[in-house]
Structures are given as structure tokens and as C-alpha cells.
Protein chains: 2
Amino acid sequence: MIVYGRNPVREALRAGRRPVTHVWATRRAAGEPWLRDVAVSDARPEAIEARCGSAAHQGICAEVGPYPYAGAAELLAAADPLIVALDELEDPQNVGAICRTAESVGATGVVLPERRSAEVTPAVCKASAGAVEHLRIARVRNLADFLGDAKRAGCWCYGAAAEGAEPYDRQDYAGGVVLVLGAEGKGLRRRVAASCDVLVALPMMGRVGSLNVSAAAAALLYEILQRRLDRES
Amino acid sequence: MIVYGRNPVREALRAGRRPVTHVWATRRAAGEPWLRDVAVSDARPEAIEARCGSAAHQGICAEVGPYPYAGAAELLAAADPLIVALDELEDPQNVGAICRTAESVGATGVVLPERRSAEVTPAVCKASAGAVEHLRIARVRNLADFLGDAKRAGCWCYGAAAEGAEPYDRQDYAGGVVLVLGAEGKGLRRRVAASCDVLVALPMMGRVGSLNVSAAAAALLYEILQRRLDRES
């Protein structure tokens, strides 16, 4: 896989979870201090763009091993895990942005369905600013079945919903937590919503009446983190 | 100005704040129920793309009047305003996403500097899902001077910062509030940071150590909204 952009290449090197077999950079990008001990092939911007297929490469790309997915059971085995589950999110921009926020709140990991969902592509790596290199991400065949497993493992499953939901700030968020987010416009699929313990909503005070899913994820994940930190202190 | 995409065209029509002088749509997009009473010119996708200059048009674009900017003084004249000020954010994706979240929390408005900042372009309209049509957005010559005016008008100015900042959840957020956000990577300029009453930070529990500015905006704005709602109830 070819990852591109400063943060994705830097975090792949820092995390060391998958081999970085070749780095191409413009002379300017190659001067970055974190590339000091790395063998870099000199390349022109057009050659980098041709190699990675995106204009957003910032003068650098790298050949790396396949993304090292985690197992869903491994995430559930953590003590009081905080897991983010994405129900058929197809936009790599949103999936990457949510992974970046999940990594920032110290989440145990992210769960993606195998079908009708973005996987960890180079575009997701870029949108996550390389956070996917440090985060554990698992793929599951069926998200509703995963939520069943999570409940049996002692987790409480909170689904983000617009309607028929309880206020997000009146929840406990203690112990094992799974936050389930649906695709924009579509929301959670019925069987996935039915597999949640509770549906929670953010207040909507405007006229447009919907948030971008990655903005909703940030508001919800920071509320969850804050509740958990308050309990510890 | 040509706005493109379903939400931007629909919200321009709904808000009615600027003239919508012509709508072009594919036969499929023209069948949307909210276009029932609107004169629509039939157009092929390629013609729409050529007209708006973006592939993200979703089969529809419209010619609209210039964006109706508000005055900064008008925002400060509101009772206990909640204002979001953006310090030299150039990425239309981030500016649009923050405007969408600001509209969702019922913010009084958004303030952008005239220079080195995205203005309300068609790309910003699209990234905001049309929320800019309902939101009041003002442009100011100098952001630090605006913060001085805001303080004289009784507002408390909170700057989002990574370092040297206080916990964001230990603040009051009562009365008039200005939340100031800086560009990713650069943060707030020194004079802008010095013009804030307090700098606040979100906890960072991961290894990457930075959030996307629109994710930070969502976490901060929902915390501010929740504090204000809790106080009212």
C-alpha cells in the first residue's frame, strides 16, 4: 500500500507496526527532521502524485505493508474498553476524521463492518493524519452480532440517533462502552439501532438540523472521555 | 455566485436571505420534493460540473446573489451572544464544517478575518451543508481588534490552544462568549492569543497529539452549549 502525506508517513514510521519499505520525497520534504535516519528516494512532485494517485501528497509518499487490523475480540478483552463502531460509513474523509478523534480520546479501538464501509485505505490514513497507525481497528462481518458480543462482554452500547433518543449528557458512560455511529443521511440501520442499549442525541438548536458525523463523533467522544476522567479523579 | 449540491441549494431557497436567480438540475435531482415550486432548467451532469467547477454537485447547482455578510457589531449587540471567531483558517472544508456545527449549537454567528482566511465561497457553502444560509457571518479587518471590541461589549473570549491552557471543562461559559480557533498546525497567532481572556484545551490521550480543528470546534461548542442549557434549566 502507498500512503501519502507528511503525517501518514511520519506516524507509520513512528508507530512501527507495519514495514515501511520505501520512501519517496521531494528535496524540500526530505529535509524534515524526522526523516534524518530514513533512506529517502528523491522524487519530483509529479512522480509522487502518479505513484499515490492523489494531489494531497505534500511532497512525500511511502510503500508500507498492509494495514495490521486487530481482532474484535482483542478490543473487547481490554479492561473497560471504549470502542467506536461505524455502521456503513463509506466516506474515507469521515472515517479518517473519526479515527483521529478516537485516537485523541484514547479509545481502545474502532470497529468497521467488512461490507459497505470504507476500509483503512491511503485516503483514510491521510484523513486521520496518521492516527490509524497507532489505533487498533477491527473489521467484523456483522455489526449487530458484534454489538451482541460486546454486551455479553459487559459493554454498554450507545447508538447516536436523531430521533427517539435520550439526551447524550444524561448518560453514565462508565465501564465498557461502545459508541455506534451511522452514515450521514441514513443513520443507524434498524437492526443495529435495535442492538444498542440506548440511543443518545446531541441537542440541535439550529435550522439545518443535522451535524456532520465526524463532528457528532467529536462532541460525543469528548463528553464520554470527560465523564470517565471525572470519575477517576 | 454559483452554489452546488443538494443541501446548499435547498437551504439557500429555504433561508430566502439572498436571491436564487436560476437553478440547473439533472432530471433525477429535479424530482426532489422541495423543488416542486421552483423553476428548474434541465441540465446534464457534465454541464452542471462545467458551470460550478466541482464534481461534488450531486446533480444540482444554482445562481445566487452574493453572500449577505452580517456586521460584527450586530453580532456583539445580541443578548449573551455565542460567537465563533476563526483565526486565518484557509481550508474551506474546515471553515464550512465549523459553520455547520456553529449553526447546530445555535451560535449567534461566526467571525472571519478579511485576509488569509477562506471567505464564504461555494466550497464553504457545500462543506457547511447549506448552514451558512441561516448563520450570521461577519468579516473583520483585524481579529485582535474585534476581540477587544467583544470584551468591551461584555464578552469573555476563550482561545483554543494546545499549550499553556486550562482544562476546557472547568470554565463557566456564561454570558457573552467568543470562542477563538486557530488554523491547524499553526494555532492562534500570538497577538490573537494575547487578546483572549483565557486559553482552553481539550485533553489529548493519544500519541498523535492533535485534533482536526473542526473536531475540536465540535467538542468545545457542545460543551459550551451544554453548560448554557444546564444553567437555563
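User: What makes the relation between chain A and chain B that of a two-fold axis?

Analyst: In this predicted model, chain A is superposed on chain B by a rotation of 180° with 0.0 Å of shift along the axis, and the RMSD is 0.0 Å. That is the relation of a two-fold axis. Among the residues of chain A, A219(A) comes closest to the rotation axis, its C-alpha atom lying at 2.1 Å.

User: How do you know that the copies meet through the same surface?

Analyst: Of the interface residues of chain A, 100% are also interface residues in chain B, and therefore the copies meet through the same surface.

User: Why is R44(B) called exposed?

Analyst: The relative accessibility of R44(B) is 59%, and the term exposed applies over 50%, so R44(B) counts as exposed. R44(B) is found in the loop between β3 (40–42) and α3 (45–52) of chain B, and its C-alpha atom is separated by 8.9 Å from that of W24(B), a residue 20 positions away along the chain.

User: What makes β7 and β9 of chain B edge strands?

Analyst: The open sheet of chain B holds 7 strands in the order β7-β6-β5-β10-β8-β11-β9, with parallel pairing. Both β7 (137–140) and β9 (166–167) of chain B have a single partner strand, so one side of each is left without a neighbour in the sheet.

User: How do you know that β5 and β10 of chain B pair?

Analyst: Pairing asks for at least two bridges, and β5 (residues 82–87) and β10 (residues 177–182) of chain B are joined over 6 bridges in the parallel sense, so the two strands count as paired. Within this pair, D87(B) stands opposite G182(B) of β10(B).

User: Which strands do helices α5 and α7 of chain B touch or lie across?

Analyst: Helix α5 (residues 92–104) of chain B packs on the sheet and touches β5, β6 (109–113), β7 and β10 of chain B, with its direction at about 175° to that of β5(B). Helix α7 (residues 143–152) of chain B lies across β5, β6, β7, β8 (156–160) and β10 of chain B, and runs at about 165° to β10(B).

User: What is known of the two domains of chain A and the area buried between them?

Analyst: The domain assignment of chain A gives domain 1 (2–64) and domain 2 (72–232), whose centres, taken over C-alpha atoms, are separated by 30 Å. Their contact takes 14 residues from domain 1 and 11 residues from domain 2 of chain A. Between them the two domains of chain A bury about 1,000 Å², 56% of it on carbon and sulfur atoms. On the side of domain 1 of chain A, the residues that lose the most area to domain 2 are Y4(A), P8(A) and R17(A), together 43% of what that side buries.

Note on methods: Residues numbered from 1 in each chain as written. Chains lettered and ligands numbered in written order. Predicted model: local features only at pLDDT ≥ 70, side-chain atom pairs only at ≥ 80, totals over all residues. Heavy atoms only, no water. Helix = DSSP H or I, 4+ residues; strand = E, 2+ residues; numbered from the N terminus. Contact = heavy atoms within 4.5 Å. Axes fitted to C-alpha atoms, helices over the stretch in contact; angles between N-to-C directions. Buried < 20%, exposed > 50% of the residue type's maximum accessible area, 1.4 Å probe, protein only. Least-squares fit on C-alpha atoms with pLDDT ≥ 70 in both. Domains from an automatic or database assignment. Buried area = accessible area lost by both parts, 1.4 Å probe.
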